[in-house]
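Q: Please go through the ligand site and one strand residue, and hold each term against its cut-off.

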Amino acid sequence: MSTIFSKIASGEIPSYKVAGDECCYAFLDINPIAKGHTLVIPRKEVDYLFDLDEKTLSNLWLFAQKTAKAIQAAVPCVRVGVAVLGLEVPHAHIHLIPLNSEADVDFKKPKLELTPSEFDAIAKAIGEKWGKV
Ligand code: 5GP
């Protein structure tokens, strides 16, 4: 059975795509805690990040590095923070969150409500920087 994130990576379920390659896929979190909050996932379906095989795990972190650089270039922030939760969706993923202060990485605060055109614009801005920084 496919996870929701597998369906997103295959295009079966729509997402605000940031970037993708043969191994990994990046898209905006639908309930962002900051503008530019992005999820990076392996296409391979494994629940827990640290159960990934070495090759997929290293590919995913390198893909996350490129994505974080693109976020930093597209979204004003001091740094891009990283979080691994996996409490909701059983498909390994890394949260990349633009940070200006510690408070920006609080998953309990109310989520941002962005319009589809705002999501589109952010995904496009990050996607345009992807692989160029
Ligand atoms: P976690 O599993 O890391 O605890 O949380 C899953 C994250 O995935 C949450 O931040 C949630 O907003 C996000 N998420 C869950 N379902 C979807 C979805 O269908 N599309 C997108 N873009 N994000 C999702």
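Q: What makes the ligand's approach to G86 a polar contact?
A: An oxygen atom of the ligand is 3.0 Å from a polar backbone atom of G86. A polar contact is a pair of N or O atoms within 3.5 Å, so the pair qualifies. The model is predicted: local features need pLDDT of at least 70, side-chain atom pairs count only at pLDDT 80 or more, and totals for chains, interfaces and linings use all residues. Residues are numbered from 1 along each chain as its sequence is written, and side-chain values use heavy atoms, without hydrogens and water.

Q: Which other backbone atoms pair with the ligand?
A: A polar backbone atom of V89 lies 2.9 Å from a ligand oxygen. For I30, a polar backbone atom is 3.3 Å from a ligand nitrogen. The protein covers 88% of the 520 Å² of accessible area that the ligand has on its own (Shrake-Rupley, 1.4 Å probe).

Q: Which residues surround the ligand most closely?
A: The shell holds 16 residues, with L28, D29, E88, H93 and H95 the closest. "Near" here requires a heavy atom within 4 Å.

Q: How is the shell divided by residue class?
A: Ten residues are nonpolar, four polar and two charged. Gly counts as polar; Asp, Glu, Lys and Arg count as charged.

Q: Which element gives the largest share of the shell?
A: Helix α1 does, with three residues. Helices are DSSP runs (H or I) of at least four residues, strands (E) of at least two.

Q: How do you know what L99 is in contact with?
A: Contact means heavy atoms within 4.5 Å. Leaving aside neighbours within four places in sequence, L99 meets this with C77, V78, R79, G81, D104 and V105. L99 is found in strand β5 (residues 94–99).

How values were computed
Polar contact = N/O pair within 3.5 Å; in protein donor to acceptor, adjacent residues only side chain to side chain.
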